Amino acid sequence: MTSSAPGYADRHLAMLAARFADGPHVAASEKAEQRLTDWLAELEPAQAAAIDDLLDHPFAKTILLGIIEFSPYLFELVRTDAARLIRLFTCDPDAHLAWLIEKTSREVLAASGETELMHVLRRMKSEAALLIALCDIGGIWPVLRVTAALTDLAVASVQATLRYLFRQEAVRGRLSPPNPDRPEEGSGLFVLAMGKMGAGELNYSSDIDLIVFFDSAAPTLASDIEPQPFFVRLTQALARLLQQRTGDGYVF
């Protein structure tokens, strides 16, 4: 399976930078213009030229200047990874979000440990957050698509983390899942999303509210494993891996 992102510039009309809608757009100051110029000057010439070309698309520069002026978080995502901005500006957003979630799911399963796992999840969150914001600010996605995309990101994060944790427990011999590739299925653990996540309406500042149940007679657990402490410990690990702040931030 290829690891290359879909939807690059050979599909010119589908790519994000060509789809920004006409206003209303916020007006950015000369200071924002200068910050953009300074940032481009810091980049490798090839990257700077690529971004300069992409900003020739109608409204692309206006959108980016608005981010620089009014969203320090999003501009930090832009500034720290020029390749990511190029990748997003040249993608088909719907296809790219689906690819990003699928790619992260595979990388989580291959993670060598929790440190790598947390890095992979936070990298997905950063790229998806910038992609969704660009589609929102640029008028590419309506609000219901934006909230659905944020919810899809949260669901994928929880599912991937649970799958990693269950696979680790299977390696330790504490459970025997029917499907090793999806050890969470039939595990006896049930995670219900409440509030905005449960309704598919997450916004940018939402926490995720989960209720977790377990089956005291979970059939996949080893005979010497007590269900309650096992599932409590696994749920605590889920929360920690998603919310702990690292150098890459947090997931949810």
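In this predicted model, helix H4 (residues 72-79) packs against helix H7 (residues 114-137) with the two axes 10 Å apart and at an angle of about 120°, and the crossing of H4 and H7 is left-handed. On the H4 side the contact is formed by Tyr73, Leu74, Leu77 and Val78, while H7 contributes Ser126, Ala129, Leu130, Ala133 and Ile137. Sorted by class, the contact of H4 with H7 consists of eight nonpolar residues and one polar residue, with no charged residues.

A second pair is formed by helix H8 (residues 143-171) and helix H10 (residues 227-243), whose axes come within 10 Å and cross at roughly 135°. H8 is therefore oblique to H10, and H8 passes H10 in a right-handed crossing. From H8, the residues in contact are Ser157, Val158, Thr161, Leu162, Leu165, Phe166 and Glu169, and from H10 they are Phe230, Phe231, Arg233, Leu234, Ala237, Leu238, Leu241 and Leu242. The residues of this contact of H8 with H10 comprise eleven nonpolar, two polar and two charged.

| Helix pair | Contact residues by class |
|---|---|
| H4 with H7 | eight nonpolar, one polar, no charged |
| H8 with H10 | eleven nonpolar, two polar, two charged |

The largest nonpolar core has 76 residues, and those with the most contacts inside it are Trp39, Ile51, Phe89 and Leu134. Helix H7 gives the most to this core, with 13 residues. Leaving aside residues up to four places away in sequence, Trp39 touches Ile51, Val78, Arg79, Ala82 and Leu85; of these, Val78 also belongs to the H4 side of the contact with H7.

Conventions
Residues numbered from 1 in each chain as written. Predicted model: local features only at pLDDT ≥ 70, side-chain atom pairs only at ≥ 80, totals over all residues. Heavy atoms only, no water. Axes fitted to C-alpha atoms, helices over the stretch in contact; angles between N-to-C directions. Helix = DSSP H or I, 4+ residues; strand = E, 2+ residues; numbered from the N terminus. Parallel < 35°, antiparallel > 145°, perpendicular 65-115°, else oblique. Left-handed = near helix turned anticlockwise from the far one by under 90°. Contact = heavy atoms within 4.5 Å. Nonpolar A, V, L, I, M, F, W, Y, C, P; charged D, E, K, R; others polar. Core = buried A, V, L, I, M, F, W, Y, C linked by side-chain atoms within 4.5 Å. Buried < 20%, exposed > 50% of the residue type's maximum accessible area, 1.4 Å probe, protein only.
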